[in-house]
Amino acid sequence: MYAKFLKRLIDIILSLTALILLSPLLTVTMIIGLFAMRGNPFFVQPRPGRKRANGEERIFNLIKFRSMNNRKDKEGNLLPDEDRLTGYGKFLRKTSIDELPELINILKGDMSFVGPRPLLVRYLDRYTPRQRHRHDVLPGLTGWAQVNGRNAISWEEKFEFDLWYTEHISFGLDVKIFFMTIGNVLKRDGISSATSATMEEFMGSENKE
């Protein structure tokens with residue numbers, strides 16, 4: 001009952017309310033981003049969402065505030081993340097303000113407040129069959145993996161947390177994750193991995209199932 005109906009209703013009410021209440025912050029961040037990023041302040045990228053009836057993931061456009069510039073090397077290739085992540089971008093990530101435009105994705109039904117984070121489309125062929133079950137539910141603004149390490153844990157650990165969530169989804173768990181997320185944002189935990197400014201690319205698990 002909750003997963004099929006009430007969760008979506010709560011998402012609609014909360015995302016619409018948040019967009020209205022946070023509109024001044026969103027507007028200011030957008031204006032600052034125009035100057036800080038020297039152009040479009042938004043980052044839009046295709047991401048896989050919940051599976052359709054045919055078993056294929058629905059692809060949607062994730063919306064975030066840009067935290068990295070588009071600086072390239074002499075060959076025209078984008079520089080590494082740590083070289084493109086600006087001071088302004090670091091602030092957005094530490095405060096999680098960069099994630100706020102995803103409220104639009106939640107209102108549209110692309111995402112939920114709580115669920116496995118939507119990753120890159122090119123990762124789809126790298127998942128094990130079991131890992132791909134993370135797409136049995138809507139992706140989330142935050143999730144069980146985010147409150148248990150975020151980018152500071154390995155990909156395999158992250159997927160195990162995601163899969164555990166899909167099997168134990170409930171109103172009580174979502175409320176717990178919501179408040180744990182607030183705590184993590186205030187403490188600024190798990191923003192980066194140990195070896196990267198963001199998170200290393202997922203190349204696939206060693207033991208394919």
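Select R38 to start: with a relative accessible area of 82%, R38 is exposed, because anything over 50% counts that way. You'll find R38 in the loop between α2 (23-36) and β1 (42-51). Keep in mind as you click around that this is a predicted model.

Now look at the backbone of R38. What is its phi? R38 has a positive phi of about 55°, although R38 is not a glycine. That deserves a second look, because most residues other than glycine have a negative phi.

**Next stop: S96**

Select S96, in the loop between α4 (87-95) and α5 (102-108). Here is another positive phi on a residue that is not a glycine, this time about 65°. Is S96 buried or exposed? S96 has a relative accessible area of 14%, so S96 is buried. The cut-off behind that call is 20%: a residue under this value counts as buried. So you've now visited two loop residues with positive phi, R38 and S96, with R38 exposed and S96 buried.

**Zoom out for a moment**

Show the whole chain as a cartoon. How many helices and strands are there? The chain has seven helices and four strands. Trace them from the N terminus and you should read off α-α-β-β-α-α-α-β-β-α-α.

The C-alpha atoms fill a box of roughly 50 × 45 × 35 Å along the principal axes. For 209 residues, a compact globule would have a radius of gyration near 17 Å, and the chain's own value of 17 Å agrees with that.

If your viewer can draw a surface, switch it on. The chain exposes about 11,500 Å², and carbon and sulfur atoms supply 60% of that area. As for what is tucked away, 45% of the 209 residues count as buried.

You can also colour by charge. The chain has 31 positive and 25 negative charges, and the mean positions of the two sets are 6 Å apart.

One more thing before zooming back in: take the contacts between residues at least 6 apart in sequence, and 69% of them join residues at least 24 apart. Watch for partners with far-off residue numbers at the next stops.

**E57 and its partners**

Select E57, which lies in strand β2 (residues 57-65). E57 counts as buried because its relative accessibility is 6%. Which side chains does E57 reach with polar contacts? Show R132 first: its side chain and that of E57 are joined by a polar contact of 2.7 Å. Then add H135, whose side chain has a polar contact of 3.0 Å with the side chain of E57.

To see the rest of the surroundings, leave aside the neighbours within four places in sequence. E57 then touches P48, G49, R50, K51 and L124, along with R132 and H135.

**R84, inside a helix**

Move on to R84, in helix α3 (residues 81-84). Buried or exposed? R84 has a relative accessible area of 9%, so R84 is buried. Beyond its neighbours within four places in sequence, R84 is in contact with S67, M68, N69, R71, L78 and L79.

**Past the last helix: E201 and F202**

Now head for the segment after α7 and pick E201. With 35% relative accessibility, E201 counts as partly exposed. The side chain of E201 makes a polar contact of 2.9 Å with the side chain of R122, and another of 2.8 Å with the side chain of R126. Setting aside neighbours within four places in sequence, E201 is also in contact with Y123 and W155. For a long ruler line, connect the C-alpha atoms of E201 and I31: they are 31 Å apart in space and 170 residues apart along the chain.

Finish on F202, also in the segment after α7 (171-187). F202 is buried, with a relative accessible area of 1%. What surrounds F202? Leaving out neighbours within four places in sequence, show Y123, R126, Y127, Q131, W155, E156 and F159, which are in contact with F202. Y123, R126 and W155 should look familiar, since they are also among the contacts of E201.

For a last distance, draw a line from F202 to L120: they sit 82 residues apart in sequence, while their C-alpha atoms are 9.2 Å apart.

Methods: Residues are numbered from 1 along each chain as its sequence is written. This is a predicted model: local features need pLDDT of at least 70, side-chain atom pairs count only at pLDDT 80 or more; totals for chains, interfaces and linings use all residues. Side-chain values use heavy atoms; hydrogens and water are left out. Helices (H or I, at least four residues) and strands (E, at least two) are DSSP runs, numbered from the N terminus. The radius of gyration is taken over C-alpha atoms; the globule rule is 2.2 Å times the number of residues to the power 0.38. Buried means under 20% relative accessible area, exposed over 50%, partly exposed in between (1.4 Å probe, protein chains only). Contact means heavy atoms within 4.5 Å. Accessible areas come from the Shrake-Rupley method with a 1.4 Å probe; for residues, only the protein chains shown count as cover. Lys and Arg count as positive and Asp and Glu as negative; His and the chain ends are not counted. The place of a charge is taken as NZ of Lys, CZ of Arg, CG of Asp or CD of Glu. A polar contact is a pair of N or O atoms within 3.5 Å; within protein, one must be able to donate a hydrogen and the other to accept it, and residues adjacent in sequence count only if both atoms are side-chain atoms.
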